[in-house]
Amino acid sequence: MVANPVASSSVAAGPQGGGRTAIAATLPGTLDQIVRLTRFQFRDYLRSRRFILMFAIVGVIGLILTSVVGYFRPAFISDPLAFYGSLWGGGVPFVVVLAAVIYGADAIAGEFQNKTGYFLMGLPIRRITVYTGKFIAAFLASLAAVALFAAILVANGAYYLGGNALPWQLGESFILAVVYLLAVLAAAMMFSSMFKTSSYATLLVALLFLIGFSLLQAVVSGLANITPWFVITYANTIIGGVLSNSCENQPGMHTCKVGGGPGGGFSITVNNATIPEGAAIMIAYFLLTAVAGIFLFEREEFS
Amino acid sequence: MTSPSIRAEGLTKRFGPTLALDRLDLKIEGSKCVGFLGPNGAGKTTALKMFTDMIFPTAGEAFLNEVSVQKDRKRALAACGVLIETPEIYPSLTPTEALQMVGKLRGLSDAALADRIPGVLAEVKMGEWANKKVGKFSKGMKQRINIAAALLPDPEILLLDEPTTGLDPRGMAEVRDIIRGLKRGQRLIFMSSHLLAEVSDVCDEVALLNRGKLLFYDTISNVSTQFARGQRAIDVGFSRPIDDATLGTKLAQLTGIASWERMDPLRVRLKLSGGTDGSIERLFSEVAGLGVGAVRFQESASALEEVYMTQVERGD
Ligand SMILES: Nc1ncnc2c1ncn2[C@@H]1O[C@H](COP(=O)(O)OP(=O)(O)O)[C@@H](O)[C@H]1O
Ligand SMILES: [Mg+2]
């Protein structure tokens, strides 16, 4: 019958009363939209259950560290570098990974799973804007958790070491931890844009960063006997390393004497990343996974 | 200002073996409301998602105000209010905040937002929920907020995918009223629906889609006259079963009845040879006067329905 593909009806229909209310709107530029989106995303994070969860976990970790140190009074409480090297250096990589899992792994997958993506994607906004806005919001929320962890340790440090015993290396370590956060969060969001279900992305990121990379590093350096420079757990040792006064944990490749008294003991060669190496590797992780994540998200269908 | 337009050029989408949309060529221009009608699975949502860059065409291109959606989603969607599926809103936001987010991303000024948000929320009858968290809202309430979000910038083009789904009958009627009200502006509304009554009720034109193929696009009045050739039909309901003999001897003898068709023991459809209101009025009293228990007398669903049924049943 009348199957008329390029049909174009000429009849203008409908009562044509007044014109549309003129609403002055100039579409903001991409950067402007990123800032605006970040603000709303961050506000959403602040109110979400995951924010409370994250703060509770960091709070509990802080509480446990505080009570363990208070009860056992380990030797390092008299040495600022050793104090922060052990507590901050040992704890912050875990806090970073946790934050990335909690905020990053869900960031994109959650938009699909919860169908909130349909709300955003109907707007005149580029995909890269959505991705970047969400990344910055997740970064700020994670940074808040890392800062809380730092605050708890500094409060402890002030108690044991006296108010002004803040080694400058702690600042350096904090910056490196932030670089690590950028890398892990970007990777988490990249994995997040590979899945449409949050739990898969969350599980994968958690397994990878809590176990996977350490395992890979052990395998690569142990079995293949090559420097695992491409594994992020090799790079992140510099976070604790800059604070450490124990030979084995200090950045760079060097020889350390271990064990034994004046007569005994032996030398080992440790092969830690140097600070520039470690920082460069973490930044490379950040850039590569950010680009890959955006690439994936640009091609992802809301179907 | 040029008139708003939407255009599809060979728009095609394949999901594995399924050809969800098959070379859709469609150009709609001007201020009007066009119903995108088709049964479930026809490909309506698929087409609308390509119009909004939520999914990508296997082939072809979509244009809003002649801006390619595939090349520049931001600019193409700038003049466009969109409601596809039933999106969820961040549960921690209130309707006011959700609309602020939409408005801010679209570049509306604070003054415009302060003025406009209460207005659109009132329009969708959600005024008293303006500052409650969306998280606990029912599906229908969320859909109202979604409609409000689409209306917020007072867009030149509105793309609505089954806007009344998830609403109760009263909500559906309210949303149809809203859409009818929107037609007053300089605006192109493209609204999908599987409900024929909704399209014929609200829209000026209809594009009929079945199994991914566009069957036709025309004004509703053209469709009605072309396909039904002016023929009208009356459904008569009886209080007691009526047998074929009575039907044949009594009803069918009345002037103006071309043929009849039994629908069930208590219902008969009379096809009229004429079709003026006068002849229908005369028939009404004659049928009632027969004393065969006729208790309901109703013009049967429109010609569009016939077209819909035959075309869609035939398939491709
Ligand atoms: N993501 C998808 N994957 C596979 N098939 C799909 C997908 N989305 C839609 N389809 C199929 O495409 C066809 C059209 O679907 P849709 O556009 O949702 O129809 P409508 O909106 O008209 O009800 C259906 O056969 C549906 O099963
Ligand atoms: Mg649909």
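## Chain B at a glance

Contact here means heavy atoms within 4.5 Å. With that in hand, look at chain B of this predicted model: among its contacts between residues at least 6 apart in sequence, 68% join residues at least 24 apart. Buried residues account for 58% of the 316 residues in the chain.

As for the overall layout, chain B has 11 helices and 14 strands. Put a box around its C-alpha atoms along the principal axes and you get roughly 70 × 45 × 40 Å.

## Salt bridges in chain B

Side chains of opposite charge can pair when their charged atoms come close. Over all chains, the structure holds 33 salt bridges. Three from chain B are worth walking through.

Start with B:Arg7 and B:Glu66, whose side chains meet in a salt bridge at 2.8 Å, N to O. B:Arg7 sits in strand S1 (residues 5-15) of chain B and B:Glu66 in the loop between strands S4 (59-64) and S5 (67-68), so this pair ties together parts that are 59 residues apart in sequence. How do the two partners fare for burial? B:Arg7 has 16% relative accessibility and counts as buried, because the cut-off for buried is under 20%. B:Glu66, at 39%, counts as partly exposed. The pair also belongs to a wider group: B:Arg7, B:Glu9, B:Lys27, B:Glu29 and B:Glu66 are linked in a network of salt bridges.

Next come B:Glu61 and B:Lys71, with a salt bridge of 3.0 Å, N to O, between their side chains. B:Glu61 is part of strand S4 of chain B, while B:Lys71 is in the loop between S5 and helix H2 (73-76), so the bridge ties together parts that are 10 residues apart in sequence. B:Glu61 counts as buried at 16% relative accessibility, whereas B:Lys71 is exposed, with a relative accessible area of 70%.

The third pair is B:Asp244 with B:Arg262, and their side chains meet in a salt bridge at 2.8 Å, N to O. Here a helix is joined to a strand: B:Asp244 lies in helix H9 (residues 244-249) of chain B and B:Arg262 in strand S12 (residues 257-264), so the pair ties together parts that are 18 residues apart in sequence. B:Asp244 counts as partly exposed at 45% relative accessibility, and B:Arg262 counts as partly exposed at 29%.

## Helices H3 and H4 of chain B

Two packed helices are described by the angle between their axes and the distance between the axes. For helix H3 (residues 95-106) and helix H4 (residues 110-123) of chain B, the angle is about 130° and the axes are 10 Å apart. H3(B) and H4(B) are therefore oblique to each other, and H3(B) passes H4(B) in a right-handed crossing.

Which residues make the contact between H3(B) and H4(B)? On the H3(B) side they are B:Pro95, B:Thr96, B:Leu99, B:Gln100, B:Gly103 and B:Lys104, and on the H4(B) side B:Asp110, B:Leu113, B:Ile117, B:Val120 and B:Leu121. Sorted by character, the residues of this contact come to six nonpolar, three polar and two charged.

## Helices H7 and H11 of chain A

Over in chain A, the axes of helix H7 (residues 168-192) and helix H11 (residues 275-298) come within 7 Å and cross at roughly 25°. That makes H7(A) roughly parallel to H11(A), because angles under 35 degrees count that way. The crossing of H7(A) and H11(A) is left-handed.

H7(A) brings residues including A:Glu172, A:Leu176, A:Tyr180, A:Ala183 and A:Met190 to the contact, and H11(A) brings residues including A:Ile275, A:Met282, A:Phe286, A:Gly293 and A:Leu296. The tally for the contact of H7(A) with H11(A) is 17 nonpolar, two polar and one charged.

## A closer look at A:Ile34

A:Ile34 is found in helix H1 (residues 30-47) of chain A. Is A:Ile34 buried or exposed? A:Ile34 is buried, with a relative accessible area of 11%.

What does A:Ile34 touch, leaving aside residues up to four places away in sequence? The contacts are A:Thr129, A:Thr132, A:Gly133 and A:Ile136. A:Ala137 is 103 residues from A:Ile34 along the chain, and the C-alpha atoms of the two are separated by 10.0 Å.

How values were computed: Residues are numbered from 1 along each chain as its sequence is written. Chains are lettered from A and ligands numbered from 1 in the order in which they are written. This is a predicted model: local features need pLDDT of at least 70, side-chain atom pairs count only at pLDDT 80 or more; totals for chains, interfaces and linings use all residues. Side-chain values use heavy atoms; hydrogens and water are left out. Axes are lines fitted to C-alpha atoms, for helices over the stretch in contact, and angles run from 0 to 180 degrees between N-to-C directions. Helices (H or I, at least four residues) and strands (E, at least two) are DSSP runs, numbered from the N terminus. Angles under 35 degrees count as roughly parallel, over 145 as roughly antiparallel, 65 to 115 as roughly perpendicular and the rest as oblique. A crossing is left-handed if the near helix is turned anticlockwise from the far one by less than a right angle, and right-handed if clockwise. Ala, Val, Leu, Ile, Met, Phe, Trp, Tyr, Cys and Pro count as nonpolar, Asp, Glu, Lys and Arg as charged, and the others, Gly among them, as polar. A salt bridge is a side-chain nitrogen of Lys or Arg within 4 Å of a carboxyl oxygen of Asp or Glu. Buried means under 20% relative accessible area, exposed over 50%, partly exposed in between (1.4 Å probe, protein chains only).
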